[in-house]
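Visitor: Please take a close look at the site where the ligand sits. I would also like to hear about a few individual residues elsewhere in the chain.

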Amino acid sequence: MAQTQETQRVAIVTGGAGGLGFAIAERLADQGHVVAIWDLDEERAGAAAARLPKAHGYGVDVTDRAAVDAAMSRVVDEFGPLGILVNSAGHNGPLEAFADYPFDGWRFVMTLNLDAVFHCCQAGVREMLKTGYGRIVNLASIAGKEGNPNAVAYSASKAGVIGLTKSVGKELATTQIRVNCVTPAAIETEMLSQLTPEFKAFVTSKIPVGRLGRAEEVASLVAWLASEECSFSTGAVFDVSGGRATY
Ligand SMILES: NC(=O)c1ccc[n+]([C@@H]2O[C@H](COP(=O)([O-])OP(=O)(O)OC[C@H]3O[C@@H](n4cnc5c(N)ncnc54)[C@H](O)[C@@H]3O)[C@@H](O)[C@H]2O)c1
């Protein structure tokens with residue numbers, strides 16, 4: 001069967017100035033989509049967008065619901081209906097034994113890794129329902145399936161992203177909106193500098209392929225999940241873990 005010709009869409013990538021988000025934004029821009037990069041710092045978002053064709057940078061704190069709604073309206077007003085939303089903004093948070101885990105660290109991680117995904121997905125779905133078409137891809141993590149020791153907030157927040165994805169994907173299954181998530185193992189990005197050398201060695205040792213993943217390897221899977229060809233998968237969890245995942 002011949003491959004379908006991909007329609008050029010308007011795409012938003014949160015956390016798009018950094019590691020995986022930028023690799024995903026680059027891939028979507030290469031495919032001809034108009035990409036809006038949302039990141040905390042407007043200048044950084046603009047500098048990242050300037051490296052790509054038809055991309056635009058926005059300073060958006062995705063934990064701020066009003067800022068998310070305002071940025072969503074701006075993108076749709078400026079470029080047209082939203083076709084693709086990728087939620088990549090995230091943080092590891094504290095690495096601490098559970099007995100000492102700081103509650104403010106837990107709240108910080110939940111607000112960014114889970115509440116913000118709720119805000120962006122809800123704002124995105126409201127736009128996508130206007131056309132009946134859309135692709136949402138959430139960056140969860142293998143930690144959300146397995147739980148990483150000393151990373152309770154990160155593990156719980158990513159398990160939350162998996163549950164959110166499954167629920168919203170099933171709910172919208174009779175539309176042409178598809179909602180999926182990916183669960184990478186450790187990938188070589190800035191985020192890994194938030195880890196201690198010991199923790200980095202621990203997560204690498206758990207990968208049967210024997211190395212860290214590359215941002216392009218995640219971007220390639222996300223690009224397919226963001227495409228029209230991803231028509232019969234929704235509310236699903238896609239592995240990119242170098243063989244670490246057992247389910
Ligand atoms: N790198 C890994 O090993 C790995 C593994 C599994 C899952 N993930 C997930 O993939 C996603 C991307 O990770 P990464 O490695 O690219 O991280 P990264 O730290 O390199 O990039 C994250 C980006 O999010 C932005 N950001 C942070 N807070 C924000 C906010 N409030 N509003 C808007 N933007 C904000 C940062 O400025 C940064 O550009 C995260 O959700 C992460 O949990 C990463």
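Guide: Sorted by class, the shell around the ligand is made up of 16 nonpolar, nine polar and five charged residues. The model is a predicted one, and the values that follow are computed from it. In total, 30 residues surround the ligand. The closest of them are Leu-20, Asp-39, Tyr-154, Ile-187 and Thr-189. Two helices each contribute at least two residues to this shell: helix H1, which covers residues 19-30, and helix H6, which covers residues 152-171. The space that the ligand takes up is the largest pocket.

Polar contacts to the ligand come from both backbone and side chain. A polar backbone atom of Ser-88 is 3.0 Å from an oxygen atom of the ligand. For Arg-44, the side chain is involved: one of its N or O atoms is 3.2 Å from a ligand oxygen. Gly-19 takes part through its backbone, with a polar atom there 3.3 Å from an oxygen atom of the ligand. On its own, the ligand has 830 Å² of accessible area, and the protein covers 93% of this.

Next come the individual residues, beginning with helix H2. This helix runs over residues 42-50, and Ala-47 lies in it. Ala-47 counts as partly exposed because its relative accessibility is 44%, and the partly exposed class lies between 20% and 50%. Ten residues separate Ala-47 from Gly-57 in sequence, and the distance between their C-alpha atoms is 7.4 Å. The loop between H2 and strand S3 (55-59) holds Lys-54. The phi angle of Lys-54 is near 50°, which is a positive value in a residue other than glycine. Lys-54 has a relative accessibility of 41%, so it counts as partly exposed.

Asn-150 also has a positive phi, near 65°, and is likewise a residue other than glycine. Its place is the loop between helix H5 (142-146) and H6, and H6 is one of the helices that supply residues to the ligand shell. With 38% relative accessibility, Asn-150 is classed as partly exposed.

Asn-180, in contrast, is buried: its relative accessibility is 0%. This residue belongs to strand S6, which spans residues 176-184. The side chain of Asn-180 reaches the backbone nitrogen of Gly-235 at a distance of 3.4 Å.

After S6, the chain enters a loop that leads to H7, and Met-191 lies in that loop. Met-191 has a relative accessible area of 22% and is therefore partly exposed, since the buried class requires a value under 20%. Along the chain, Met-191 and Asn-92 are 99 residues apart, while 7.4 Å separates their C-alpha atoms.

Further on, Leu-212 is placed in the loop between helix H7 (197-205) and helix H8 (215-225). Leu-212 counts as buried because its relative accessibility is 13%. Its C-alpha atom is 5.7 Å from that of Ala-186, and the two residues are 26 positions apart along the chain.

The last residue to mention is Asp-77. It sits in helix H3, residues 65-79. At 67% relative accessibility, Asp-77 counts as exposed, because that class takes values over 50%. The C-alpha atoms of Asp-77 and Ile-136 are 20 Å apart, with their positions 59 residues apart in the numbering.

Technical notes:
Residues numbered from 1 in each chain as written. Predicted model: local features only at pLDDT ≥ 70, side-chain atom pairs only at ≥ 80, totals over all residues. Heavy atoms only, no water. Near = heavy atom within 4 Å. Polar contact = N/O pair within 3.5 Å; in protein donor to acceptor, adjacent residues only side chain to side chain. Areas by Shrake-Rupley, 256 points an atom, 1.4 Å probe, with all protein chains shown as cover. 1 Å grid on protein atoms, 1.4 Å probe; cavity = no way out; pocket = protein on both sides within 12 Å on 5 of 7 lines; lining within 4 Å. Sits in = over half its atoms within 2 Å of the grid points. Helix = DSSP H or I, 4+ residues; strand = E, 2+ residues; numbered from the N terminus. Nonpolar A, V, L, I, M, F, W, Y, C, P; charged D, E, K, R; others polar. Buried < 20%, exposed > 50% of the residue type's maximum accessible area, 1.4 Å probe, protein only.
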